[in-house]
Amino acid sequence: ASVTAYVVCEKPGKPFKRRKVSEVSSSKPIAAQSRTVAEATCGKKKHVVSGGFLVVGTTPSSPVPSVGIDESMPVGKRTWHVGLYASPTDDTPPGSSLTTFAYCKKNK
């Protein structure tokens, strides 16, 4: 098996200007025994600097779905993409969801 890691690097502004990072997200329901993809896209005049995901059941007390995350990466300049697969042996609670996060900065 192989693992690929993605890192988005950015030089600091001169003289190390502080630029705010904003967050956008997108959620999709996780269907049992199938593939789920969610993408979060930064607004116009912004670019993605990082991203992540959250997998949850229907309530805080429900079990966390057992899924295989096989994609978490930038796509283009503005989007973060996450893909997962709920296999036939996983017990995915109905109402489970995948939320993808993109962290965005203003273009120079």
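Student: What is the order of the 3 strands in the open sheet that holds strand 1, and what is their pairing?

Tutor: In this predicted model, the order is 1-6-3 and the pairing is antiparallel.

Student: What makes strand 1 and strand 3 stand at the edges?

Tutor: Strand 1 (22–29) and strand 3 (46–56) each have a single partner strand, so one side of each is left without a neighbour in the sheet. Neighbouring strands here are turned by 20° against each other on average, direction ignored.

Student: How do you know that strand 3 pairs with strand 6?

Tutor: Count the bridges. A pair needs at least two. Strand 3 and strand 6 (residues 97–106) are joined by 10 and run antiparallel. Therefore they pair. For Val 56, the bridge partner in strand 6 is Ser 97.

Student: Which strands form the open sheet with the order 2-5-4?

Tutor: Strands 2, 5 and 4 form that sheet, with antiparallel pairing. Strand 2 (35–41) and strand 4 (68–75) stand at its edges, because each has a single partner strand. The twist averages 15° from one strand to the next.

Student: How do you know that strand 2 pairs with strand 5?

Tutor: The cut-off is at least two bridges. Strand 2 and strand 5 (residues 79–85) have 7, so they count as paired. Val 37 has Gly 83 in strand 5 as its bridge partner.

Student: Why is Thr 36 called buried?

Tutor: Buried means under 20% relative accessible area. Thr 36, in strand 2, has 4% relative accessibility, so Thr 36 counts as buried. Not counting residues up to four places away in sequence, Thr 36 touches several residues, including Ile 30, Val 82, Leu 84 and Leu 98.

How values were computed. Residues numbered from 1 in each chain as written. Predicted model: local features only at pLDDT ≥ 70, side-chain atom pairs only at ≥ 80, totals over all residues. Heavy atoms only, no water. Helix = DSSP H or I, 4+ residues; strand = E, 2+ residues; numbered from the N terminus. Axes fitted to C-alpha atoms, helices over the stretch in contact; angles between N-to-C directions. Buried < 20%, exposed > 50% of the residue type's maximum accessible area, 1.4 Å probe, protein only. Contact = heavy atoms within 4.5 Å.
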